[in-house]
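Work through these exercises with the model open. Try each task before reading its solution.

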Amino acid sequence: MTPASEASGASAPTRIPRDQLAAKIAADIPEGAIVNLGIGAPTLVADFLPDGLEIILHTENGMLGMGPKPAAGRIDPDLINAGKQPVTELAGSAFFHHADSFAMMRGGHLDVCVLGAFQVSEHGDLANWSTGAPGAIPAVGGAMDLAIGAKDVYVMTDLLAKDGSSKLVAACTYPLTGVGCVTRVYTDHAIFDVTPDGFTVREAFGDNTAASLSALTGLTLREADAAASAGKES
C-alpha cells in the first residue's frame, strides 16, 4: 500500500526521532508519579526523566525504583526490566514477587503507564497485543492490566504503520487491549489528546498542522486550543 502522503502527491511530513519523543513524554510526567514503561520504545523515557524530580519507575517483573540504563561495562545481569534490558537501581528501590507487581498494576496504584500500539481509536480504545494476522505471535504480557489499571495511559508510537495506514483510527480493527483507556498519544508527527469529541492536536511537529494530520489519518482533528474554545462556547 502506498503511504497517504505519497498517494496525495504531498511532500513527506516532518517527523521527530524516538529519543526526542521520549524526552517529550518524560517532561509531561508529574513529580511523585509512579510510572510503568512498556516494552520497546517506551523504555527510552527512563533516560530522559528530569533531574531532581522524584518519579518512581515500576517494572512488572518485580521492581520499584528503576533507574536509567547502565553505562557500558557496569551491567548487572540480575537487574533487568520486563523487556529483559539491563537497568539500574536507584536509592530506596525495592524488589518483590511478580504477583505483587501485578497486584500493584491491577489495584490502580500506577499513575502513568507508557505503552506502544498497533491502533488507538478516537474513543481511547487500545489495540497493542495482536494484529490478528495468521501465524502472528500474540504478545499479551501485562498490557491489559496496565491499560486498565493505570490512572493515565500514554501511547508512544509512529503515526503511520509500515503500510502507510494510520494508527489513529475511528474504531480499532485489531483485537482490543483495553476500552476507553488511552489518555494521550505521542507520535513522530504530533501529540494527540483523547477527548469526548475525539482526538485533538496537542502539539504538531515541524510543518504538520491539524489539517495535514487529518488528511494523513482520515479523521477530523482539531487544535487543542480550538477544541477548548468550542467547549467554552457550548
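**Exercise 1. The enclosed space**

What volume does the largest cavity have? Also list the residues that line the largest cavity and sort them by type.

Solution. Keep in mind that this is a predicted model.
- Step 1: count. With a threshold of 30 Å³ or more, there is 1 cavity.
- Step 2: volume. The largest cavity measures about 40 Å³.
- Step 3: lining. Its walls are formed by Ile16, Pro17, Arg18, Leu21, Met156, Thr157, Asp158 and Asp188.
- Step 4: sort. The lining holds 4 nonpolar, 1 polar and 3 charged residues.

**Exercise 2. The open space**

Find the volume of the largest pocket. Then name the residues closest to its centre and describe the lining.

Solution.
- Step 1: volume. The largest pocket encloses about 600 Å³.
- Step 2: centre. The pocket is lined by 28 residues, and Ile39, Gly40, Gly116, Ala117 and Asn128 sit closest to its centre.
- Step 3: sort. Its lining splits into 15 nonpolar, 9 polar and 4 charged residues.

**Exercise 3. A proline in a loop**

Place Pro138 in the fold. Is Pro138 buried, partly exposed or exposed?

Solution.
- Step 1: location. Strand S7 (126-127) comes before the loop that holds Pro138, and helix H4 (143-149) comes after that loop.
- Step 2: accessibility. Pro138 has a relative accessibility of 49%. Exposed requires over 50%, and buried requires under 20%. Pro138 is therefore partly exposed.
- Step 3: distance. Asn128 is 10 residues away from Pro138 along the chain, and their C-alpha atoms are 9.6 Å apart.

**Exercise 4. Two sides of a helix**

Which residues of helix H5 are buried? Decide how they are arranged around the axis.

Solution.
- Step 1: buried set. H5 covers residues 210-217, and Ala210, Leu213, Ser214, Leu216 and Thr217 are buried there.
- Step 2: arc. Viewed down the axis of H5, the buried residues fit within an arc of 160°, so they line one face.
- Step 3: other face. Ala211 and Ala215 are exposed, on the face of H5 turned away from the buried side.
- Step 4: what follows. Gly218 comes after H5 and has a positive phi, near 75°.

**Exercise 5. A ring pair**

Classify the geometry of the Phe192 and Phe199 rings.

Solution.
- Step 1: count. The model has 3 aromatic pairs.
- Step 2: geometry. The ring centres of Phe192 and Phe199 are 6.2 Å apart, and the planes meet at 70°.
- Step 3: class. Planes over 60 degrees apart count as edge-to-face. The angle of 70° therefore makes Phe192 and Phe199 an edge-to-face pair.
- Step 4: setting. Both Phe192 and Phe199 are buried.

Note on methods: Residues are numbered from 1 along each chain as its sequence is written. This is a predicted model: local features need pLDDT of at least 70, side-chain atom pairs count only at pLDDT 80 or more; totals for chains, interfaces and linings use all residues. Side-chain values use heavy atoms; hydrogens and water are left out. On a 1 Å grid over the protein atoms alone, a cavity is a set of points where a 1.4 Å probe fits but cannot get out, and a pocket is an open set with protein on both sides within 12 Å along at least five of seven lines; lining residues have an atom within 4 Å of a point. Grid points are joined across faces, edges and corners, and a volume is the space filled by probe spheres set on the points. Ala, Val, Leu, Ile, Met, Phe, Trp, Tyr, Cys and Pro count as nonpolar, Asp, Glu, Lys and Arg as charged, and the others, Gly among them, as polar. Helices (H or I, at least four residues) and strands (E, at least two) are DSSP runs, numbered from the N terminus. Buried means under 20% relative accessible area, exposed over 50%, partly exposed in between (1.4 Å probe, protein chains only). The arc is that of the directions from the helix axis to the C-beta atoms. Rings of Phe, Tyr and Trp (its six-membered ring) pair if their centres lie within 6.5 Å; planes under 30 degrees apart count as stacked, over 60 as edge-to-face and the rest as tilted.
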